[in-house]
Amino acid sequence: MSVRTTGPSRSDLVADTALALLAERGMRGLTHRAVDEAAGLPQGSTSNLARTRQALLELAVRRLADREARVLALHEMPDPRAGAASLADALALATHRALTRNRELTVARYELALEATRRPELRAYFDATGARFRDQLATLVTGMGSTDPARHTLSLIAWADGLMFSCVAGSFGAETPSLEEVRAGLRELLDGMLGA
């Protein structure tokens, strides 16, 4: 298991370790003690930051959102006037990053998403983290002339999520499409939506 932190805070270390454990061992492998051991922290350190399992999961979800924002690179999303090809390029790059360099993070996201289906209090945290990207994508497709931005945003996200799930945890788990293949799929989808 590799734990990468981007900051010196203990909170980041605990959250990053929790995400790594989720990817490696699944939800059952995520305990306060396991985080302490994997992070090399004194016993009880994780409990001091997140007293309950719910608090630990919320900490992991918040950190997931921060790290996925860098993977999705919201600042790299194009101006709507740049057209569908530019959006396909940006979305393809973000999706390909999730499939390759950030595969572990993608697996952790699926673990948390499934847990959120059983924990309504976690669902709110999980859904709020996805809102940043979803809202920005809706703004982009609206600016590109979408006749139904809500439906088109859902279709784009569902397409990318479906591809990632299939290639990370599903029946195409041994295959990773190239950046060009991801881009081609997105271009086909966007061309159909926007009549580009």
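Colleague: Of the 196 residues of the protein, what percentage count as buried?
Modeller: This is a predicted model, and every value given here is computed from it. A residue is taken as buried when its relative accessible area is under 20%. With that cut-off applied to the 196 residues of the protein, the share that count as buried is 45%.

Colleague: How many helices and how many strands does the protein have?
Modeller: Read from the N terminus on, the elements run α-α-α-α-α-α-α-α-α. The count that goes with this order is zero strands and, for the helices, nine.

Colleague: What does the globule rule give for 196 residues, and what is the radius of gyration of the protein?
Modeller: The C-alpha atoms, taken along the principal axes, fill a box of roughly 60 × 30 × 30 Å. For 196 residues the globule rule gives 16 Å, and the radius of gyration of the protein is close to that value, so the protein is as compact as a globular protein of that length. The radius of gyration itself is 18 Å.

Colleague: Among contacts between residues at least 6 apart in sequence, what percentage join residues at least 24 apart?
Modeller: A contact here requires heavy atoms within 4.5 Å. Among those contacts in the protein that link residues at least 6 apart in sequence, the share joining residues at least 24 apart is 66%.

Colleague: What share of the area that the protein exposes do carbon and sulfur atoms supply?
Modeller: The area that the protein exposes comes to about 9700 Å². Of this area, the part supplied by carbon and sulfur atoms is 53%.

Colleague: Which element gives the largest share of the lining of the largest pocket?
Modeller: The largest pocket has a volume of about 820 Å³, and of the 36 residues that line the pocket, the closest to its centre are Glu68, Arg109, Gly130, Ile157 and Asp161. The elements that give two or more residues to this lining are α4 (53-72), α5 (84-99), α6 (103-116), α7 (120-143) and α8 (149-168). The largest share, nine residues, comes from α7.

Colleague: How many residues of the lining of the largest pocket are nonpolar?
Modeller: The lining residues divide into three classes, with seven of them charged and six polar. The number that falls in the nonpolar class is 23.

Colleague: Is leucine 105 buried or exposed?
Modeller: Leucine 105 has its place in helix α6, and, not counting residues up to four places away in sequence, leucine 105 touches Leu19, Leu64, Arg67, Glu68 and Val71. Its C-alpha atom is 21 Å from that of arginine 183, a residue 78 places away in sequence. Because its relative accessibility is 5%, and the cut-off is under 20%, leucine 105 counts as buried.

Colleague: Which residues is histidine 152 in contact with, leaving aside its neighbours within four places in sequence?
Modeller: Histidine 152 lies in helix α8, where its relative accessible area of 4% makes it buried. Leaving aside the neighbours within four places in sequence, its contacts are Ser146, Thr147 and Met193.

Colleague: What separates the C-alpha atoms of phenylalanine 165 and valine 107?
Modeller: Phenylalanine 165 is also found in helix α8, and at 40% relative accessibility this residue counts as partly exposed. Apart from neighbours within four places in sequence, phenylalanine 165 is in contact with Tyr110 and Gly170. Valine 107 is 58 residues away along the chain, and the separation between the two C-alpha atoms is 8.4 Å.

Colleague: Where does threonine 117 lie?
Modeller: Threonine 117 has a relative accessible area of 54%, and because the cut-off for exposed is over 50%, threonine 117 counts as exposed. Arginine 63 is 54 residues away from threonine 117 in sequence and 19 Å away in space, C-alpha to C-alpha. The place of threonine 117 is the loop between α6 and α7.

Colleague: How does aspartate 135 count at 47% relative accessibility?
Modeller: Aspartate 135 is placed in helix α7, and its C-alpha atom is 8.7 Å from that of threonine 153, which is 18 residues away along the chain. Since 47% lies between the cut-offs of 20% and 50%, aspartate 135 counts as partly exposed.

Key: Residues numbered from 1 in each chain as written. Predicted model: local features only at pLDDT ≥ 70, side-chain atom pairs only at ≥ 80, totals over all residues. Heavy atoms only, no water. 1 Å grid on protein atoms, 1.4 Å probe; cavity = no way out; pocket = protein on both sides within 12 Å on 5 of 7 lines; lining within 4 Å. Points joined across faces, edges and corners; volume = space filled by probe spheres on them. Helix = DSSP H or I, 4+ residues; strand = E, 2+ residues; numbered from the N terminus. Nonpolar A, V, L, I, M, F, W, Y, C, P; charged D, E, K, R; others polar. Rg over C-alpha atoms; globule rule 2.2 N^0.38 Å. Buried < 20%, exposed > 50% of the residue type's maximum accessible area, 1.4 Å probe, protein only. Areas by Shrake-Rupley, 256 points an atom, 1.4 Å probe, with all protein chains shown as cover.
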